[in-house]
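Visitor: Could you take me through one spot in this model up close, and then show me how it fits into the rest of the chain? I work with coordinates every day, so please give me the cut-offs as you go.

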Amino acid sequence: NICRSPIAEAVFRKLVTDEKVENKWMTDSAAVSDWNVGRSPDARALSCLRNHGIETAHKARQITKDDFQSFDYILCMDESNLRDLKRKSNQVKDCKAKIELLGTYDPQKQLIIEDPYYGNEKDFETVYEQCVRCCKAFLEKPH
């Protein structure tokens, strides 16, 4: 929860703020695993966001049972995330969250948002661009 999801969270938060609908959305990001809990996003993720005028104070955290009960949507980045989240959700009574790939909303049909951790700045920029496209399309659909 230090690369893709904090970028997506920050992008979504900026979009809803710009649209003046931030009070209608509770926005957060979390990891499936407990790696990096409490850490700030990767420096390259922060730099990429700053290049687009976006700041974030996010600290990595692991998803909780409560998240499945309180969020309407849990959007994830790849098939592995999707599989793990669906497995976790099956252990939660009253799971109300719809769990899906953020990439399903991509008008360019890039279903998977690849982890840029072992890549370079260009890979973080690709993640950012995918998140912008997907979050805009997600917001445009009726909820």
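Guide: Let's start at D42, which touches I2, C3, Y117 and F124 once residues up to four places away in sequence are set aside; contact here means heavy atoms within 4.5 Å. Before going further, please keep in mind that this is a predicted model, in which local features need pLDDT of at least 70 and side-chain atom pairs count only at pLDDT 80 or more, while totals for chains, interfaces and linings use all residues. Residues are numbered from 1 along each chain as its sequence is written, and side-chain values use heavy atoms, with hydrogens and water left out.

D42 sits in the loop between α1 and α2, where helices (H or I, at least four residues) and strands (E, at least two) are DSSP runs numbered from the N terminus. D42 has a relative accessible area of 10%, so it counts as buried; the cut-offs are under 20% for buried, over 50% for exposed and partly exposed in between, with a 1.4 Å probe and protein chains only.

The loop that holds D42 has other residues to look at. K20 is also placed between α1 and α2, and has a positive phi of about 60° although it is not a glycine. K20 is exposed, because its relative accessible area is 68%. N36 belongs to this loop between α1 and α2 too, and has a positive phi of about 65°, again without being a glycine. With a relative accessible area of 26%, N36 is partly exposed.

From the loop we can move to helix α5, home of C135. C135 is buried, with a relative accessible area of just 4%. Leaving out residues up to four places away in sequence, C135 touches A8, V11, F12, L15 and L102. C135 and D106 are 29 residues apart along the chain, and their C-alpha atoms are separated by 8.3 Å.

That brings us to the largest nonpolar core, a term that stands for a set of buried Ala, Val, Leu, Ile, Met, Phe, Trp, Tyr and Cys residues joined through side-chain atoms within 4.5 Å. This core has 26 residues, and those touching the most other members are I7, V11, L49, L102, Y128 and C131. Two or more residues come from each of α1 (4-18), α2 (43-51) and α5 (121-140), with α5 giving the most, 8 residues. C131 is in contact with R4, I7, A8, V11, L102 and I113, beyond its neighbours within four places in sequence. Apart from this core lies another, of 12 residues, including I63, F68, L82 and V92. As a general point, nonpolar side chains in soluble globular proteins tend to be buried together.

I63 gives us a way into that other core. I63 is found in the loop between α2 and α3 (65-70), and is buried at a relative accessible area of 12%. Its contacts, outside the four nearest places on either side in sequence, are A30, A31, V32, F68, I74, L85 and K88. One of these partners, I74, is 11 residues away along the chain, with 10.0 Å between the two C-alpha atoms.

For a contrast in exposure, try K93 in the loop between α4 (79-89) and β2 (98-101). K93 has a relative accessible area of 68%, so it is exposed. Measuring C-alpha to C-alpha, K93 and K122 are 41 Å apart in space and 29 residues apart in sequence.

Stepping back, the protein has 5 helices and 2 strands, in the order α-α-α-β-α-β-α along the sequence. Its C-alpha atoms fill a box of roughly 40 × 35 × 30 Å along the principal axes. The radius of gyration is 14 Å, which agrees with the value near 15 Å for a compact globule of 143 residues; that radius is taken over C-alpha atoms, and the globule rule is 2.2 Å times the number of residues to the power 0.38. Of the 143 residues, 43% are buried. Among contacts between residues at least 6 apart in sequence, 73% join residues at least 24 apart.
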